[in-house]
Amino acid sequence: MLHFLWDSISFHTLLIFLIVFLFVADYMKNRNPKNFPPTPLRLPFLGHIYMMDFKAPHITVQKYTEKYGDIFGMSMGSMKFVVVNGMRLVKEVLVNQGDNFLDRPEIPMDMFSKIGLISSSGHLWKAQRRFTLSTLRNFGLGKRSVEERIQEECRFLVDAFKDEQGNPFDPQFTLTNAVSNVICSLTLGNRFDYQDEDFQKLLKLMHEIVFLQGAITTQLYNSFPSIMKFLPGAHQTISKNWKSLKSYMEEQINKHKEDWNPSESRDYIDSYLQEIAKDKGSDTFREEHLVACTLDLMFAGTETTSSTLRWALLFMALHPEIQARVQAEIDAVIGQARQPVLEDRNNMPYTNAVIHEVQRKANIVPFSMPRMAEKDTMVDGFFIPKGTVLTINITSVMFDKSEWETPDTFNPGHFLKDGKFWKRESFLAFSVGKRACLGEVLARSELFLFFTSLLQKFTFQAPLDTTLSLQPLMGITMAPQPYKICAVPQ
Ligand code: HEM
Ligand SMILES: *[C@@H]1O[C@H](CO)[C@@H](O)[C@H](O)[C@H]1NC(C)=O
């Protein structure tokens, strides 16, 4: 009897002690240092999860910016970060003090933490990025230029749209195929037929990974990985898909090695293999890193560009007068007899402005990818210790009332001055600084060539009795909801 009593007391004591210990440890771990940016009241263990609305995470925190200012702290489970708002501070963090914020944090739901292009840091990142940029700039990509590869794809895309004969159809499938083919051509050396089954499988795996990032179970996995890894949910599908993609890429690399000619490079994989051969024994260029870099290019380059094109067609159907002005400019500068070339862009300020306004208004990357402080830094009088994760609120700049005349209206005039194209500093679709989008030049080339090729041949209209919606779908990027549209031949 006595023995039993003692046992139960000690069990209770132990339990209470354990709980108190966990609370204290949680408090100590999350205590902010002196002068840290203001942080709303934090719940033990859960952090600020109560502040988030998973359906529209970019909107709900509004009241907190009003209360706490342009820079404030937040945490989600064990992930803690500082949010930066407004042009002045965004520029301070990405440009003026940019060198202190070039690293990326480790995110649990990320297959290639620390390697590749998107998630690597330090010396490894610098070497991969420099190599990739110079390779994409056409050194070492063989005889066909990037522009030619995009133009070839434009012809296939226009033909596929023609096949719809002006009837309502969902353009998502074909646009994603076309955009992804450009990256495939650059990295793997070939494009795929739109009907190719393996290609369809590949795109489906990638699409799921992108859109399941917005799922609640994925967010919870990022905040509480050690618990969530035992539970079912979207995060399990994501890791399964990553594994399939990785083995597909390894297969492709092996094929390249079989018919590899060291004196001639057909694509990015060939060039990278050359670099591995040159760099023997070093850890920088390795096959494992090649797999990560190639998949990173596919990921960063597909959904972003194809969603932007889908927004563009939506905006054209909703603003027929703007669409007509773009077509008039195409007729005047290019005509109907030849394909658009990149050089045309210099003579087409209106079309260029429309594409920029599509990107501003669509705002497909509302928060830039997270950065991490490489060393202790002061920002706007606040102390940001080494290792702090920063999130840049791109929306706060692209919709800033003091920067844009009519921020909430689709208005190509935002990018025009005296009839000329006006480059705006507060256009941040690709972010800024040394770690801004690596594919910016490629993406802008694709957007211009695909968009003008389509508007040269078709007029886009809502199907009869249909209202097109501008409500976005949240994933890693903000894409339009699936829609049907008519591409009426000119
Ligand atoms: C409309 C299309 C695109 C948009 C809006 C876009 C936007 C962005 C943004 C906002 C970032 C984060 C930059 C930062 O951390 O500050 C980024 C990174 C990146 N983008 Fe893009 N991107 C687009 C197309 C592409 C394409 C076509 C490629 C393919 C080459 C690409 C490759 C990358 C890579 C590799 C990174 C990571 C760079 C690094 O961490 O060093 N992007 N992009
Ligand atoms: C980001 O900026 C938008 C627009 O200014 C604002 O409504 C939103 O609350 C901001 N989000 C965060 C997390 O700061």
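**Cysteines, two loops and a buried asparagine**

At 63% relative accessibility, Gln165 counts as exposed, and in this predicted model that residue offers a convenient place to begin. Gln165 sits in the loop that runs between helix H6 (146–162) and strand S3 (168–169), and its phi is near 55°, a positive value in a residue that is not glycine. The sign deserves a remark, because most residues other than glycine have a negative phi.

A second residue of this kind is Asp418, whose phi is near 50°, again positive although the residue is other than glycine. Asp418 belongs to the loop between strand S8 (416–417) and S9, and with a relative accessibility of 74% Asp418 counts as exposed.

From strand S9 (420–421) the chain can be followed to another loop, the one that leads to helix H17 (440–457), and this is where Cys437 is found. Which atom of the protein serves as donor to the iron atom of ligand 1? The single donor from the protein is the SG atom of Cys437, which is 2.3 Å away from the iron.

Cys437 also enters into the matter of disulfides, for which a search of the whole structure gives a count of zero. In general terms, a disulfide is a covalent bond that joins the sulfur atoms of two cysteines. Why does Cys293 form no such bond with Cys437? The cysteine sulfur closest to that of Cys293 is the one in Cys437, and because the two are 15 Å apart, they are too far from each other for a bond; the cut-off for a disulfide is a pair of sulfur atoms within 2.5 Å. Cys293 itself counts as buried, with a relative accessibility of 0%. Cys486 is likewise buried, and its relative accessible area is 9%.

The last stop is Asn181, a residue of helix H7, which spans residues 172–187. Is Asn181 buried or exposed? With a relative accessible area of 0%, Asn181 is buried, and its surroundings can be described through its contacts: leaving aside residues up to four places away in sequence, Asn181 touches Glu153, Arg191, Phe192, Tyr194 and Phe199. A more distant part of the chain can be related to this position as well, since the C-alpha atoms of Asn181 and Met298 are separated by 9.5 Å, while the two residues are 117 residues apart along the chain.

Conventions
Residues are numbered from 1 along each chain as its sequence is written. Chains are lettered from A and ligands numbered from 1 in the order in which they are written. This is a predicted model: local features need pLDDT of at least 70, side-chain atom pairs count only at pLDDT 80 or more; totals for chains, interfaces and linings use all residues. Side-chain values use heavy atoms; hydrogens and water are left out. Buried means under 20% relative accessible area, exposed over 50%, partly exposed in between (1.4 Å probe, protein chains only). Donors are N, O and S atoms within 2.8 Å of the metal (3.2 Å for Na, K and Ca); water is not among the atoms, so sites may look incomplete. Helices (H or I, at least four residues) and strands (E, at least two) are DSSP runs, numbered from the N terminus. Contact means heavy atoms within 4.5 Å.
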